[in-house]
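Let's take a walk through this model, moving from a covered helix to ring pairs and then to the empty spaces inside. Keep the viewer open as you read.

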Amino acid sequence: MAAWALLALLAVAPAAAGGVLSFASYYGDHMVLQKKPSGAVVWGRGQLGAMVTVTLLGPSGLIIMEKTAQVKGPSGTWTIVLDPMDQGGPYALMAEQGLENVTLRDIYFGDVWLCSGQSNMAMTVLQVANASQELAAAARYPYVRIFAAAPARSAVELEDLEQIDLPWSIPTAENLGHGNFTYFSAVCWLLGRSLYEALGSPIGLVQATWGGTPIEAWSSRRVLQACGLLEDMGRTSPHQRLSGPRTPSVLWNAMIHPLLNMTLRGVAWYQGEENTLLNTDKYNCTFPALIADWRRAFHVGSAGQTEPLLPFGFVQLSTYRRRSADDSFARLRWHQTADLGVVPNARMPSTFMAVAMDLGDEHSPYGSVHPRDKQNVAHRLLLGARAVAYGDKDVVFQGPYPTRAILEVTRGLLNVTYSQELIYRQRDAQAFEVCCSNQGSLCQWLPAPVVAVGSRTVTLALSGCGTLVLGLRYAWAEWPCEYQACPLYNPQGLPAPSFLLDTLPAGNAAGGRELLLFPSSIN
């Protein structure tokens, strides 16, 4: 054991034995604290009424800053907001109360990201494609630090984590691939590693995941009340997936609420499979409400240091069952965008999305709901993070999306214009569908085969369609396309996302009758 590590253990021992002075559970050796412009929040416990002095020390023992706080409240806690720090390290952080002291070492300042969700976020680096190469590369990233909270539930909001699976650590093959669905999250690691490569800043990654859990378990009572969901949903899933707690708020209480004092740079979220079975059509309320609620809570909990519009990235659902007639996955994907198709949008500002419907993995040993290609998922999240969280205006992070449609009635064609240049990767007669209506008959979804693809336009055949086109949808299926072979991509390789649009006639246009396109509401 290194000498400084031994000293750190000895420094912690008196506080642990006395149970008086301590840092909160998720502060430790090797951690990353949020760099400027925000100040990192540090808190812990002490003797009620006592003064705690926190000192930040440079590599040579030079005092960088010193702060004091009084121990307050029913549980005897103290809180310090450090002055904003440039990226870098290593530093030591010492807390003193009377004759007691606790010292944390090998601390860096950088960007801290929270990664949460269910089993696709919990899949470890051991489980992904090319796992052995990914694990072997761990040693190249000593400034990407990792921390994993243990799965835990609580009926009440907890002040601190009850248990930790992995304390702050320098990445190794062993702790990145501890086991299946444990730690460390592959999506989280691959995103953090890529952020480090792109930014050159230390990155701290915090994993808080539990497989087989619905969004309601991760939501505060405020979210559930806003969406009309306060009843207990503790029932068994009808599908053979990793089953976790479904009771409302229990994971918010035990795994998220304790972290609120932490200053964060962003959140990455991969969840939703469980909600294809539970309150699917409420997700367009619960997901935007969860994002807004987490933002408010982290902003307040960090004394205003975590920004109010905390960047929030998420993975749109991948695939599950091939040739399934169930459209719950398609509906959930749509609801993940608050029924607006693309993000960020008015209901979900400062968000970004990784489309994953073209990354299906039918032969995954962990079940087809758990695709092994997490590298492309992380890459697509990275693009969104660079554009939305870091303001890189040159990064393309969204796939092509329709902006207008012209109906050629006499030829039975629909010309759809997209927002970006199109790459037509795979011919598929079922990918596009139109909602058709003859006078007096109900709307019926019919395939609209692609007959031509231009630089930014797709021409669809409306054979069998009546005089009125009421809607247009794309990739509306549980398994919409083969691996990296959806019909439409942009030149950067990002797939066009699925959509569900209503159409309204808007008068004549060059080449036919223009149709206005509006996001459709399923409810």
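**Starting from a covered helix**

Helix H9 (residues 328-335) is mostly covered, with eight of its eight residues buried. Keep in mind as you look around that this is a predicted model. The buried residues of H9 are Ser328, Phe329, Ala330, Arg331, Leu332, Arg333, Trp334 and His335. And what lies over them? The cover on the buried residues of H9 includes H8, strand E24 (499-509) and strand E25 (512-519).

Two of those helix residues, Phe329 and Arg333, also turn up among the contacts of Glu478, so let's go there next. Glu478 sits in the loop between strand E22 (468-474) and strand E23 (488-489). Is Glu478 buried or exposed? Its relative accessibility is 0%, and since buried means under 20%, Glu478 counts as buried. Setting aside neighbours within four places in sequence, Glu478 is in contact with Ser318, Thr319, Tyr320, Arg321, Ser324, Asp326, Phe329 and Arg333. Take Arg321 from that list: the C-alpha atoms of Glu478 and Arg321 are separated by 6.5 Å, though the two residues are 157 apart along the chain.

Now for the rings. There are 26 aromatic pairs in the count. One of them joins Trp113 and Tyr390, with ring centres 6.5 Å apart and planes at 35°, so this pair is tilted. Trp113 belongs to strand E8 (residues 100-117), while Tyr390 is in the loop between helix H10 (375-389) and strand E15 (402-408), so the pair ties together parts that are 277 residues apart in sequence. How covered are the two partners? Trp113, at 1% relative accessibility, counts as buried, whereas Tyr390 is partly exposed, with a relative accessible area of 23%.

Another pair, Phe287 with Phe312, is edge-to-face: the centres are 6.0 Å apart and there is 70° between the planes. This pair also links distant parts of the chain, since Phe287 is in helix H8 (residues 283-301) and Phe312 is in strand E13 (residues 312-315), 25 residues apart. Phe287 and Phe312 are both buried. Zoom out a little and you'll find both in one aromatic cluster, together with Trp218, Trp269, Tyr283, Trp294 and Phe314.

Back at Tyr390, there's a charge to look for too: the charged end of Arg265 sits over the ring of Tyr390, 4.5 Å from its centre. You can find a similar arrangement at Tyr489, where Arg425 lies over the face of the ring, at 3.6 Å from the ring centre.

Finally, the empty spaces. Rolling a probe the size of a water molecule over the atoms shows where space is left empty. The structure holds four cavities of 30 Å³ or more. In the largest cavity there is about 140 Å³ of space. Its lining has 13 residues, and Met353, Val355, Phe397, Gln398 and Gly399 lie nearest the centre. By class, that lining of the largest cavity comes to nine nonpolar, three polar and one charged residues.

The second largest cavity has a volume of about 80 Å³. Which element gives the most to its lining? That's strand E2 (residues 32-34), with three residues. Among the other residues lining the second largest cavity are Tyr26, Tyr27, Val112, Trp168 and Met262. In this second largest cavity the lining divides into ten nonpolar, two polar and no charged residues.

Conventions: Residues are numbered from 1 along each chain as its sequence is written. This is a predicted model: local features need pLDDT of at least 70, side-chain atom pairs count only at pLDDT 80 or more; totals for chains, interfaces and linings use all residues. Side-chain values use heavy atoms; hydrogens and water are left out. On a 1 Å grid over the protein atoms alone, a cavity is a set of points where a 1.4 Å probe fits but cannot get out, and a pocket is an open set with protein on both sides within 12 Å along at least five of seven lines; lining residues have an atom within 4 Å of a point. Grid points are joined across faces, edges and corners, and a volume is the space filled by probe spheres set on the points. Ala, Val, Leu, Ile, Met, Phe, Trp, Tyr, Cys and Pro count as nonpolar, Asp, Glu, Lys and Arg as charged, and the others, Gly among them, as polar. Helices (H or I, at least four residues) and strands (E, at least two) are DSSP runs, numbered from the N terminus. Rings of Phe, Tyr and Trp (its six-membered ring) pair if their centres lie within 6.5 Å; planes under 30 degrees apart count as stacked, over 60 as edge-to-face and the rest as tilted. Buried means under 20% relative accessible area, exposed over 50%, partly exposed in between (1.4 Å probe, protein chains only). A charge sits over a ring if NZ of Lys or CZ of Arg is within 6 Å of the ring centre and within 35 degrees of the ring normal. Contact means heavy atoms within 4.5 Å.
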